[in-house]
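Student: I've never looked at this one before. Could you walk me through how to read it?

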Amino acid sequence: MRRILLAARRTQPTSAGCARHTRRQASTTQFDAAATEKRIGELQRCVRDHLARQDVAEAVAAAEELVRTTTDAYGDGSEQGNPVLAAARNDEALCRKASGDFERAAELFAKAAQLYEACAMGNSASCATALHNLGACYKDDAATPGRRKMDKMMLLERAKEALDESALRRVNSPAHDHRDLPALASTKVVLASVKRLDGDAAGAARDLDEAMTSLRSVLGESPAAPGVATALAAALNNRA
């Protein structure tokens, strides 16, 4: 897992202004937690709304403000991690991926996973989602037209590692139950796509069959379970 995250990471410039602002907040009692949390929630919704409308530039700008606001309020998470900042980094990564900047997106997804790990949330569904997104990002980057064969192979290998790790984290989550199966199946579907791109048709079929078996089991017991029918349809579509 460490190899996956290190591969995605690049050296980042340090913002002296943010550091001073964080120290200043730590020494004052005027920090308004409620107002900050409200603003973070507004920015999160703003990012999602812009992405849904495919306003990528606006989404990126909102995501950058979300990260700044979160960092100013809670620090950079370098010592103890921070789930709020981790979620903000994941949102920013989704925007970067939508803009076609796969390298930066992969770096940010990896950073989000690191931040979850640093605050003892390595086996949480949130960390599993960040790793799923990292794997999907590597897959899309590998599928870019004109990609050199060696680069494509490297990216597909990283994608498989990240997706396998995502599935493992989700299964090992203390809160894991049947409600996680749609997300787990989604990871299996992406993993199957990666294996198909890598020429492993048999491996892709096994992953899809595994996903469909578990989803059908849940659907048989709880026909109205959220997300299960949609996930099953996606798996069937990819299996065809």
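**Reading the fold**

Tutor: Sure, let's start with a head count: there are eleven helices and zero strands in the chain. Keep in mind that this is a predicted model.

Student: What pattern does the chain follow along the sequence?

Tutor: Reading along the sequence, you get α-α-α-α-α-α-α-α-α-α-α.

Student: How many of the 240 residues count as buried?

Tutor: Of the 240 residues, 43% count as buried. You can also ask about separation along the chain: among contacts with a separation of 6 or more, 65% are between residues 24 or more positions apart.

Student: Which residues touch the most other members of the largest nonpolar core?

Tutor: A nonpolar core is a set of buried residues of the nonpolar kinds listed for it, joined through side-chain atoms within 4.5 Å. Here the largest one has 34 residues, and F109, L134, C137 and Y138 touch the most other members. Helices 3, 4, 5, 6, 7, 8 and 9 each supply at least two residues of this core. Helix 6 gives the largest share, ten residues. Apart from this core lies another one, of 17 residues, including L181 and V228.

Student: Let's zoom in on F109. What is F109 in contact with, leaving aside its neighbours within four places in sequence?

Tutor: Leaving those neighbours aside, F109 is in contact with N90, A93, L94, A130, N133, L134 and C137.

Student: Now the helix pairs. At what angle do the axes of helix 5 and helix 6 cross?

Tutor: The idea is to compare the N-to-C directions of the two axes; an angle over 145 degrees counts as roughly antiparallel. Helix 5 and helix 6 cross at roughly 165°, and their axes come within 8 Å. The two are therefore roughly antiparallel to each other. Their crossing is left-handed.

Student: Which residues meet there?

Tutor: Among them, A86, N90, A93 and L94 in helix 5 meet residues of helix 6 that include A105, F109 and A112. By class, this contact has 13 nonpolar, one polar and six charged residues.

Student: And helix 4 with helix 5: at what angle do they pack?

Tutor: They pack at about 160°, with axes 9 Å apart. Helix 4 and helix 5 are therefore roughly antiparallel to each other, and helix 4 passes helix 5 in a left-handed crossing. On the helix 4 side, the contact includes V60, A63 and V67, while the helix 5 side includes L85, A88 and C95. The residues of this contact divide into twelve nonpolar, two polar and five charged.

Definitions and conventions. Residues are numbered from 1 along each chain as its sequence is written. This is a predicted model: local features need pLDDT of at least 70, side-chain atom pairs count only at pLDDT 80 or more; totals for chains, interfaces and linings use all residues. Side-chain values use heavy atoms; hydrogens and water are left out. Buried means under 20% relative accessible area, exposed over 50%, partly exposed in between (1.4 Å probe, protein chains only). Helices (H or I, at least four residues) and strands (E, at least two) are DSSP runs, numbered from the N terminus. Contact means heavy atoms within 4.5 Å. Axes are lines fitted to C-alpha atoms, for helices over the stretch in contact, and angles run from 0 to 180 degrees between N-to-C directions. Angles under 35 degrees count as roughly parallel, over 145 as roughly antiparallel, 65 to 115 as roughly perpendicular and the rest as oblique. A crossing is left-handed if the near helix is turned anticlockwise from the far one by less than a right angle, and right-handed if clockwise. Ala, Val, Leu, Ile, Met, Phe, Trp, Tyr, Cys and Pro count as nonpolar, Asp, Glu, Lys and Arg as charged, and the others, Gly among them, as polar.
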